[in-house]
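Visitor: Please take me through one part of this model closely. I want to follow how a single helix packs, and then what sits around it.

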Amino acid sequence: MSHCKVPAFIEAQVEMGSVNELEQKSLFRREDDATQIKAASLMEQGSLSPSFHEHTTAKSPKNSVVMSIKIVILSNKLNLLLPFGPLAILVHYMIDSKGWVFLLSLIGITPLAERLGYATEQLAFYTGPTVGGLLNATFGNVTELIISIFALKNGMIRVVQQTLLGSILSNMLLVLGCAFFCGGLVFHQKDQVFDKGIAVVNSGLLLMAVMGILFPAVLYYTHSEVHAGSSELALSRFSSCIMLIAYAAYLFFQLKSQSSSYSPLEEETNQTEETCAEDEDPEISKWEAIIWLSILTAWVSLLSGYLVDAIEGASVSWNIPIAFISVILLPIVGNAAEHAGAIMFAMKDKLDLSLGVAIGSSIQISMFVVPFCVVIGWMMGEQMDLNFQLFETAMLFITVIVVAFFLQEGTSNYFKGLMLILCYLIVAASFFVHEDPHQDGI
């Protein structure tokens with residue numbers, strides 16, 4: 001019986017079934033690979049969190065309240081700084097020392113900025129790439145946005161302008177410079193490589209943002225306004241709407257484009273998959289992520305109110321210009337999590353991801369947060385405009401040009417990183433000795 005011959009048509013059917021099965025497996029594998037490549041491409045451009053994974057595989061964990069608190073609050077050493085927030089509020093009502101309130105609020109907001117990024121990342125597991133990209137665009141710089149809205153509410157327009165300018169400068173020079181420097185030290189035998197095409201597009205977007213900020217300043221300082229005092233504001237509001245449309249188009253292009261220039265190399269995709277392997281499933285459920293986002297945003301908002309109120313008092317107490325506090329100190333807190341992420345990716349020889357974190361954040365602020373604040377100020381009745389004044393506008397223009405030159409070759413090393421860091425020190429020193437003549441009309 002064991003030696004009986006199987007009919008030929010049965011063999012053919014078996015073979016055909018095997019071939020069909022192989023074809024189906026191959027098709028599923030190709031679709032899965034295409035999905036992973038798309039997610040990796042989005043991560044490289046800064047739209048998605050580095051540990052984002054396709055939402056179809058996400059399994060919602062069932063955590064108790066205690067377990068959720070343990071995961072979100074007690075799992076990160078940076079959260080040891082969380083008590084400084086309540087301490088700032090306590091000092092405000094007991095001592096009313098503006099300098100201490102400002103310092104404690106600044107320290108207390110630092111871990112909250114990092115946890116906001118974490119909660120957004122967890123929520124992105126369930127939403128898919130499109131909504132995930134929008135979430136990261138919104139919450140990636142939510143700390144700066146909340147501080148800016150509170151400053152606008154208090155009529156501190158110059159603080160808003162300088163804080164947002166400082167975030168752009170910090171990301172382009174300090175964050176990217178530290179990433180290049182640390183990555184270059186780890187891989188000192190070679191030049192690290194990143195996608196030159198994406199870097200060129202990002203540089204072009206930053207130059208477009210500079211154009212939107214530069215023209216109102218030029219209009220003001222050349223005294224060529226058709227209606228003195230109102231043309232500059234009208235141009236700023238129009239340009240802000242155009243910049244928001246451009247940013248929406250850029251985001252859509254990132255998420256939907258099939259252009260080959262935005263597809264990562266096979267080897268980079270494999271590296272990204274290895275990075276995501278440990279975090280294939282979310283740690284908290286979708287509703288837990290939403291609740292934590294709400295709680296963290298409310299806590300950041302509360303501390304931001306005390307922080308903004310104490311800025312002028314801290315400037316007087318420490319004898320430090322408000323411009324230095326706004327441009328240098330506040331952005332360093334808001335960019336703390338991005339700073340660490342960019343360095344980590346560079347030390348793993350993933351420069352495209354570092355570039356996405358640093359330059360992607362600069363694009364978000366310059367093309368989304370800045371014009372959004374102009375529109376919000378418009379709705380509040382505040383005359384927030386894109387005229388960042390001559391000193392700040394020149395600083396931004398030169399910075400974008402310098403960074404664009406460093407990115408044009410598509411390679412990096414520790415020397416380039418060191419140069420960017422030194423450029424940031426020059427910027428910091430410049431604002432330390434700069435007295436803003438318009439500060440009285442904040």
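Guide: What follows starts at one helix and moves outward through its neighbours.

This is a predicted model: local features need pLDDT of at least 70, side-chain atom pairs count only at pLDDT 80 or more, and totals for chains, interfaces and linings use all residues. Residues are numbered from 1 along each chain as its sequence is written, and side-chain values use heavy atoms, with hydrogens and water left out.

Start with helix H5, residues 142-153. Helices here are DSSP runs (H or I, at least four residues; strands are E, at least two), numbered from the N terminus. Two packed helices are described by the angle between their axes and the distance between the axes. Axes are lines fitted to C-alpha atoms, for helices over the stretch in contact, with angles from 0 to 180 degrees between N-to-C directions.

Take H13 as a partner. The axes of H5 and H13 come within 10 Å and cross at roughly 25°. H5 and H13 are therefore roughly parallel (under 35 degrees; over 145 is roughly antiparallel, 65 to 115 roughly perpendicular, the rest oblique). The crossing of H5 and H13 is right-handed (the near helix is turned clockwise from the far one by less than a right angle; anticlockwise would be left-handed). On the H5 side, the residues that meet H13 are Glu 144, Leu 145, Ser 148, Ile 149, Leu 152 and Lys 153. H13 answers with Ile 365, Val 369, Phe 372, Cys 373, Ile 376, Gly 377 and Met 380. Contact means heavy atoms within 4.5 Å.

Now take H10. The axes of H5 and H10 come within 9 Å and cross at roughly 45°. H5 and H10 are therefore oblique to each other. This crossing of H5 and H10 is right-handed. Here H5 uses Thr 143, Ile 146, Ile 147, Phe 150 and Ala 151. They meet Thr 297, Val 300, Ser 301, Ser 304, Gly 305, Leu 307 and Val 308 in H10.

Go back to Phe 372, one of the H13 residues that H5 meets. Phe 372 belongs to one aromatic cluster with Phe 368, Tyr 247 and Tyr 250. A search of the whole structure finds nine aromatic pairs. The rings of Tyr 247 and Tyr 250 have centres 6.1 Å apart and planes at 50°, so this pair is tilted. Rings of Phe, Tyr and Trp (its six-membered ring) pair if their centres lie within 6.5 Å; planes under 30 degrees apart are stacked, over 60 edge-to-face, the rest tilted. Tyr 247 and Tyr 250 are three residues apart in helix H8 (residues 231-256), so about one helical turn separates them. Tyr 247 is buried at 6% relative accessible area. Tyr 250 is buried too, at 9%.

Phe 368 and Phe 372 make a stacked pair, 5.6 Å centre to centre with 20° between the planes. Both lie in H13 (residues 351-380), four residues apart, about one turn of the helix. Phe 368 is buried, at 18%. Phe 372 is partly exposed, at 27%. Buried means under 20% relative accessible area, exposed over 50%, partly exposed in between (1.4 Å probe, protein chains only).

Return to Glu 144, another H5 residue that meets H13. Its C-alpha atom is 7.5 Å from that of Thr 163, 19 residues away along the chain. Thr 163 lies in helix H6 (residues 157-186). Thr 163 is buried, at 2%. Setting aside neighbours within four places in sequence, Thr 163 is in contact with Ser 326, Leu 330 and Pro 331. Ser 326 lies in helix H11. Ser 326 is buried, at 0%. Beyond residues up to four places away in sequence, Ser 326 touches Val 159, Gln 162, Thr 163 and Pro 331.

Finish with two loops. Most residues other than glycine have a negative phi, and most peptide bonds are trans. Asn 319 has a positive phi, near 55°. Asn 319 lies in the loop between H10 (286-318) and H11 (322-334). Asn 319 is exposed, at 67%. Gln 389 also has a positive phi, near 75°. Gln 389 sits in the loop between H13 and helix H14 (390-407). Gln 389 is buried, at 10%.
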